[in-house]
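Please open the model in your viewer and keep the selection panel at hand. The stops below follow one another as selections, each with a note on what is found there.

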Amino acid sequence: MSDGMSQATADAEPTQTWVGRSIPRVEDAALLTGRGRFIDDLGVRAGTLHAALLRSPHAHADIAGINSEAAKRGPGVAAVLTGTDIKALTSSLVVGVKAPVECWPIASDRVRYVGEPVAIVVASDRYRAEDAADLIEVDYRPRPAVVDPLAAIAPDAPLLHDGFPSNVASDRRFRYGDPEAAFAAAAHRISIDIRYPRNSCTPIETYGVVADYDAAEDAYDVLANFQGPFSIHAVLSRALRVPGNRLRLRTPPDSGGSFGVKQGVFPYIVLIAAAARAVGRSVKWIEDRLEHLTASVSATNRATTLRAAVAADGRILALDWDQVEDCGAHLRAPEPATLYRMHGNLTGAYDIRHVAVRNRVVVTNKTPSGLNRGFGGPQVYFALERLVQRIALTLGLDPLDVIAGNLVPADAFPYRTATGALLDSGNYQEALARGIRDGGLAELKARRAAARAAGRLYGIGYAAVVEPSVSNMGYITTVLTPAERRKAGPKNGAQATATVSIDPVGSVAVHVASAPQGQGHRTVLSQVVADVFGLTPADIRVNTEIDTAKDAWSIASGNYASRFAAAVAGTAKLAAERLAARLARIAASQLNIAADDIAFAGGMVRSRRNPDNALPFSRLAAVSHWAPATLPSDAGTTIRETVFWTPPELTAPDEQDRINSSLCYGFIFDFCGIEIDRTTLQPRIDRYVTMHDCGTILHPGMVDGQIRGGFAQGLGAALYEEYAYGPDGSYLTGTFADYLLPTTAEVPAPVILHMQTPSPFTPLGAKGVGEGNCMSTPVCIGNAVADAIGASDIELPLSPARLAALVRGPEPAPPAGLTIEAMAAGGRELRGEGSAIVNAVPVQIWAMLLNPETLKAVIPGCHSVQKISDTHFRADVTLGIGPVKGRYRAEVTLSDLDPPRAVTLGGSADGALGFGQGEGRITLTPERDATRLHYAYTAAIGGKVASIGGRLLDGAARVIIRQFFTALAREAGGGTRRGGLWAKLRALFRRR
Amino acid sequence: MKPAPFDYVRAESLDEALDVLAREGGDARIIAGGQSLMPMLNMRLAKPKVLIDIMRIGEFARIDDANDRVTIGAGIRQATLLAWPDLKRRLALVALGLPWTGHAQTRSRGTVCGSIAHADPSAELPLMLLALSGAVHLRSRKHRRRVPAQDFFTGMMATTRADDELIEAVSFQAGTERCAFREVARRHGDFAIVACAAVASGHGVRLAVGGVADMPAARDFPRLAGAALDDALNGFAYDLGARDDLHASARHRRDLVRALGRELITEVLS
Amino acid sequence: MTRLAAERRHVVRFTLNGTPLEGEAEPRLLLSDFLRHQLGATGTHVGCEHGVCGACTITIDGALARACLMLAVQADGCALRTVEGLAPSPARLSVLQEALRRHHALQCGFCTAGILMSLDTYLRRHRNPSESDIRDLLSGHLCRCTGYTTIVRAALEAAAELANDLTSEDRNA
């Protein structure tokens, strides 16, 4: 196959302009030599303290008490702050729906997800802060948890917030056109149910915050690797109870990836800033990976039912969306934006005039959701493009014909969708045709036919996707009713800012409020501005750090919604052009020609008609500094120009809830061939083709880089990645050994194709491109896998075990006499049973079970047993296997006593590594001069050890439970018959 | 994610290490390559009082090939064994399986004996030790013993090593028998969902499986074919007591044992 | 025998990119933290602290190592190389670094230091690697930005260039 080289990166004819060329990045030299300046690379103010967070091991529990006395006495500890301390200094974060619900960055009386902050330790270094955090004792009273969004809706579901009438935070219905009539009249009604999982684009650099508080001026100074949107600045200053001008928020020069995720650092800005205020010192916090995976932020998981009214020829006449969005435990700003970001383009690339929508936003006992690359797109397109495949299958059509037959016509742009988006430009039919031709679809089909003829599993999948970019800051208000919106006042637009300045020697500097995380903004801006001034990119120096105290910025500032190329780069062009126009006036007067005769080229400003009549750019550019009196009176100065640009197309939602949720809409057509190994069920991507129309391409190398990066993340979402939770809300993927990011061995080179239909609405004709493959790739792969195995319903991630369940027939029966223990479906609950012959009569064993001294000898790792009552004991134990050991407080209770025949032994343990509880029924049956001890237990384990040791947990728990019963048998049997008993026990515990 | 405090002992000789072990017992941990232990220290899953670094003990840095056994000292890193010129000839199975252990960046530090001491049920080295009827050479201040692999592993990360013992070496039966290795993991370099090693034995094939039970398991299969082989493999697959976890179902694991087992046995017997 | 007490700081000496250095570390201090926060060698990044992401990969006595899975005291007496030691001069990039730049093989650059260390070490010993060799080597690194394609291409091109120029100064660095 092709090596994935893109057409656009192949060396094109050198053009007159810098824009459009893959010049080397100005960012790279420092990053390649270890001289990057990421937040944890920067020095801090002398005396800065370090924070560590104690987090909840429970998905849902009341906090009955926190004892931090021992922690406060720890070496180097400056303070231990709880929710109560933080609340005294801050206000609740604002919530995006109208409800009497608060949203705090730290729990105080109740925890609602595993990983929710419970206390902050501030100490001289991170090591000592973690030492002290281990010493904090929290008394949790667990509550039932709910993790599934549909279960959360059920009337008897455990409630998370008292301020919501149920776990439904918002329930809105929308109607566009006449969907009821369309459904009634249609030849076919075809629907699909989708569960889109939780995942995250997980940057390799974690969150970081350094905060300082000046009590004299009541002002905060915060450095954070925050990515925007800076509308959050308003949320932060309000939470910190200062006016905006007393919260100086700065970003470091480099940020190690974000993909939306670093928007989610903002609650920690409040926490660390408040901590700095509480201790009167500068405080630094760098999130660790376990914290990040457990509790930073996640994309939403969503349950969707999508129905289509379909004509006999496959034409889609109407859609009916029923989306249940799971935002986790708190509705953090800007949620429920994930659900509304795609509202204008819910019809995808298709011309569908009738749409019904029901959007419900649900809270569950999981980490709060937030920005993530693709933001709402993966969830929507997985439903829509799976439905298109189903329509084709149902009607016996080729999926490609269903796609082609429904696309927005090429002559219809700009096209207003039923739900309000204004699709700016495109030619979807042409993109499809080129993708099929240049991507080699015919060859792929031949390979599928050959593979199938040979009995192999091979499938082809398609996805046609509209990729929105430059979000309308007003789209989120679509969650409000028109009446609520009238009351709140309109919100709309997408202010981009750029400043171009010229110094006294005439060199040009550019500043934008774009906060990149590796996208190469500085390089592209140098190209854009160099073109305007006739300079080279090396002549332009660009700064993309943000300092809210000094820079031009607005609520839309930051790096999200693929807004850079379309909005920010265009605004820099406008700012440069304004200066250039003034420079032209000055040059015209100095060269004695008309302003429209001025050209900027080759570092000179010259007459077009008489190129010899010229001035060096730098000399002209310096005039405003050195000789302002010589400027023509109408020229103005040329020292600095700041442009704020917001497109007029981004209006507020109208009375009919129509919303143009984004400014630009690129188009993507993907297809791929996937073979699935019949033995291992591992999918192998044979070829992946992705055709993009993102308008004008500013830097082909970077555009392809965005596509490949999004593709790899989309592939991860399709095949590997899930933030997994147990039914009790325990979090199961706390390490990179459990949350599986694709590596070089899993990610092939995609074949990238381009066409360029400029956007009429952006200064450079560019559209966003960074998020598209996160939207198109999961469903394209899903469609191919479904095609390969002939499955109608598939769920991501498509792990081999999931595919096995779809592909394999009944399993060969176990050999006679062997029974298999079934685990509770998908459960974290551990069950087991076994029996042993013990060399003692039942009454002896009975007496032992009720004796604290025996219990001390029998409970693994027991240091002490305290008798609370005849049937209640408290123990201090060290439990573990191999090197993994932790100290726990254990409670042992005896109930359902039937002396000397049976007893139920209940136990719970609680410690820094997590908690466990279990119950075992022990029965004693006399057998000759001995006793058969039979036990059956269930156990559940949660907390840190479940998050990071899940793979080993069940086996480890069995080792410990075995230790208990082995010791009991040994203690009772007095050590006789050791060999035989051992062997028997071991055999038993191996389930044979 | 920073370790809790501990004393660090840099042992220059075996006796020094054994003295500290005898004194500190279960409060001490041996650190060699640290590729399994260090993550546990960082996550505070393990909080030993003393860490005994054995990597400067000269006598541990040895591979001995004598009397049909290859003995690998506790200081030998996985990458060193992989680069041993005689590996393919003397330990053909290890040459096949060792590249599946972690990544180049962890094999360059991780030791052979350390992986066996850690006894992860999905790790390749314990599996290969069992398949090759290897032995673990344990040493304490008081005694020295050699435990056959099948007796060494007792459960999930559990072994018969006593608190005052360390592994001074492991030894493999050397030979040129036919063998095969195959592993299925979610991603390249991940812990195995199922790993299978097969070695020709006197009467048939010894098949060892990792990643399924709480420890690696081996069974000797006589020369079988067709339905008889299927039945035997099916019995083995069920006996392993597979469980569902995040990465694979019990059923899928049994399917893999049946399928890979058949492939490997056929390959070794052909 | 050397026993270093938990609560005390102990002198650690090693060479870093050829320069002898010393500092003080408690036994539990991770080498990654020692390099970054005591010695100011912040080019080595920390992404997971459990040995999976590869961002902190360096070499110790010529062999690859995750700096987050080492204690500073374990490095005493060793020769360490980090990303800061790869370029022949402050104004010049190595052949490998230049290839990554040419291919746009980095975006945020956070994981890049570790990838460079793995590739640099490997290419010194393997003059003619295949694509699958490179992919196998780099499977021990996580990159979230690039999708890896351009990294693999850059590595292969650098390998070819180095093979053509066996007298490259890099080889003796």
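## A first pair in chain B

In this predicted model, begin by selecting Arg253(B) and Asp245(B), which form a salt bridge whose closest N and O atoms are 3.1 Å apart. Colouring by accessibility separates the two partners, since Arg253(B) is buried with a relative accessible area of 5%, whereas Asp245(B) is partly exposed with a relative accessible area of 27%. Over all chains, the structure holds 96 salt bridges, and several further ones are visited below.

## Across chains A and C

Next, select Arg36(C) together with Asp40(A), a salt bridge in which the closest N and O atoms lie 3.0 Å apart. Arg36(C) belongs to helix H1 (residues 31–38) of chain C while Asp40(A) sits in the loop between H1 and strand E1 (49–55) of chain A, so the pair joins two chains. Both partners are buried: Arg36(C) has 4% relative accessibility, and Asp40(A) has a relative accessible area of 16%. Keep Arg36(C) selected and add Asp41(A), because the side chains of Arg36(C) and Asp41(A) also meet in a salt bridge, at 2.9 Å from N to O. Side chains of opposite charge can pair when their charged atoms come close.

Now widen the selection to the whole interface, where 58 residues of chain A are in contact with 48 residues of chain C. The two chains bury about 4100 Å² between them, with 56% of it on carbon and sulfur atoms. On the chain A side, Leu32(A), Tyr127(A) and Thr744(A) lose the most area to chain C, together 20% of what that side buries. Five salt bridges are found across the interface of chain A and chain C, along with 24 residue pairs in polar contact, both residues being at pLDDT 80 or more.

Which elements of chain A give two or more residues to the side that touches chain C? They are helix H1 (28–32), helix H4 (126–133) and helix H19 (700–719) of chain A, and the largest share, seven residues, comes from H19(A). Sorted by class, this side of chain A has 23 nonpolar, 21 polar and 14 charged residues.

## Gln97(C)

Select Gln97(C), which is placed in helix H2 (residues 95–102) of chain C. Is Gln97(C) buried or exposed? At 0% relative accessibility, Gln97(C) counts as buried. The side chain of Gln97(C) reaches the backbone oxygen of Leu32(A) at 2.7 Å. Leaving aside residues up to four places away in sequence, Gln97(C) touches Leu32(A) and Thr33(A) in chain A, and Val83(C), Leu86(C), Ala87(C) and Leu116(C) in chain C.

## The two domains of chain C

Hide chain A and colour chain C by its domains, domain 1 (10–85) and domain 2 (95–165). The centres of these two domains, taken over C-alpha atoms, are separated by 22 Å, and the contact takes 17 residues from domain 1 and 16 residues from domain 2 of chain C. Between them the domains of chain C bury about 1200 Å², 59% of it on carbon and sulfur atoms. In domain 1 of chain C, select His45(C), Leu64(C) and Val83(C), which lose the most area to domain 2 and together account for 34% of what that side buries.

The rule finds one salt bridge across this interface of chain C. Select Arg81(C) and Asp120(C) to see a salt bridge with its closest N and O atoms 3.1 Å apart. Six residue pairs are in polar contact across the interface of the two domains of chain C, both residues being at pLDDT 80 or more. On the domain 1 side, the elements that give two or more residues are strand E4 (57–60) and strand E5 (63–66) of chain C, with the largest share, three residues, coming from E4(C). By class, that side of domain 1 has seven nonpolar, eight polar and two charged residues.

## A last pair in chain C

Finish by selecting Arg9(C) and Glu24(C), whose side chains meet in a salt bridge at 3.5 Å from N to O. Arg9(C) lies in the loop between strand E1 (2–4) and strand E2 (10–16) of chain C and Glu24(C) in strand E3 (residues 19–25), so the pair ties together parts that are 15 residues apart in sequence. Glu24(C) counts as partly exposed, at 36% relative accessibility.

Note on methods
Residues numbered from 1 in each chain as written. Chains lettered and ligands numbered in written order. Predicted model: local features only at pLDDT ≥ 70, side-chain atom pairs only at ≥ 80, totals over all residues. Heavy atoms only, no water. Domains from an automatic or database assignment. Contact = heavy atoms within 4.5 Å. Buried area = accessible area lost by both parts, 1.4 Å probe. Salt bridge = Lys/Arg side-chain N within 4 Å of Asp/Glu carboxyl O. Polar contact = N/O pair within 3.5 Å; in protein donor to acceptor, adjacent residues only side chain to side chain. Helix = DSSP H or I, 4+ residues; strand = E, 2+ residues; numbered from the N terminus. Nonpolar A, V, L, I, M, F, W, Y, C, P; charged D, E, K, R; others polar. Buried < 20%, exposed > 50% of the residue type's maximum accessible area, 1.4 Å probe, protein only.
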